[in-house]
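Me: I've got a model open and some labels I'd like to have explained. Can you take me through the reasoning behind them?

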Amino acid sequence: GQGQGHHHPSLAAMAEEDNVMRAIQIDKLVLNISVGESGDRVTRAGKVLQQLTEQEPCYSRARYTVRTFGIRRNEKISTYVTVRGDKAKDIISKGLAVKEFELRRKNFSQNGNWGFGISEHIDLGIKYDPNAGIYGMDFYVVMKRAGVRVAKRKLRQSRVGFRQRMTKQDAVTWFEKEWTEDFAKVLN
């Protein structure tokens, strides 16, 4: 029949891709700004996160720096905030716009989480405040299998299943499809 042109993926491939899309979703976004010292600068960085998320940020020694994605390497103090739901997706989209929706494979971890950094927070459309300065910001996205909270019956088994089912490639496929109208792509 008609549906067999070369440019059409097979039905099996489409079903498989559809499963991946259904199977994976954003669990949470962790936004992190690391600064060299505590005091004024980290407080102002926290204000930036609060402005962006309308949530109260946390402060800690910089344990959330994800080496692969991080803009700033050896900084001691960080402020971070965890965002879920539609708000997470909106903020991720703003961050991706700064990257022109282009990530690299190295932005994705083996278990399907991913992240990236931007070097100037004002690129997100936050008004520049001369007193506050400019901050680099890390976006770290934790993915989950849809309905994973339900699967608590045999925790050990479901953990293993979870690992097997969410791969780097799943996340890459999901990412390119999720932001397809923005021409999202993952380069090598």
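Reply: Sure, let's go through the aromatic rings and then one helix, keeping in mind that this is a predicted model.

Me: Why is the pair of phenylalanine 108 and tryptophan 114 called stacked?

Reply: Two rings pair if their centres lie within 6.5 Å, and planes under 30 degrees apart count as stacked. Here the centres are 5.8 Å apart and the planes sit at 20 degrees, so the pair is stacked. Both phenylalanine 108 and tryptophan 114 are buried, too.

Me: What makes the pair of tryptophan 114 and phenylalanine 175 edge-to-face?

Reply: The label needs over 60 degrees between the planes, and this pair has 65 degrees, with 5.3 Å centre to centre. The pair links distant parts of the chain: tryptophan 114 belongs to strand β5 and phenylalanine 175 to helix α5, 61 residues apart. Both rings also join one aromatic cluster, whose members include Phe116 and Trp179.

Me: How do you know that lysine 89 lies over the face of tryptophan 179?

Reply: The distance cut-off is 6 Å from the ring centre, and the charge must also be within 35 degrees of the ring normal. Lysine 89 is at 5.1 Å and is assigned to the face of tryptophan 179.

Me: How do you know that the buried residues of α3 line one face of the helix?

Reply: Those residues are Ala88, Ile91, Ile92, Gly95 and Leu96. Looking down the axis of α3, they fall within an arc of 140 degrees, so they line one face. That fits the general pattern: an α-helix has 3.6 residues a turn, so residues three or four places apart point the same way.

Conventions
Residues numbered from 1 in each chain as written. Predicted model: local features only at pLDDT ≥ 70, side-chain atom pairs only at ≥ 80, totals over all residues. Heavy atoms only, no water. Phe/Tyr/Trp six-rings, centres within 6.5 Å; stacked < 30°, edge-to-face > 60°. Buried < 20%, exposed > 50% of the residue type's maximum accessible area, 1.4 Å probe, protein only. Helix = DSSP H or I, 4+ residues; strand = E, 2+ residues; numbered from the N terminus. Arc of directions from axis to C-beta.
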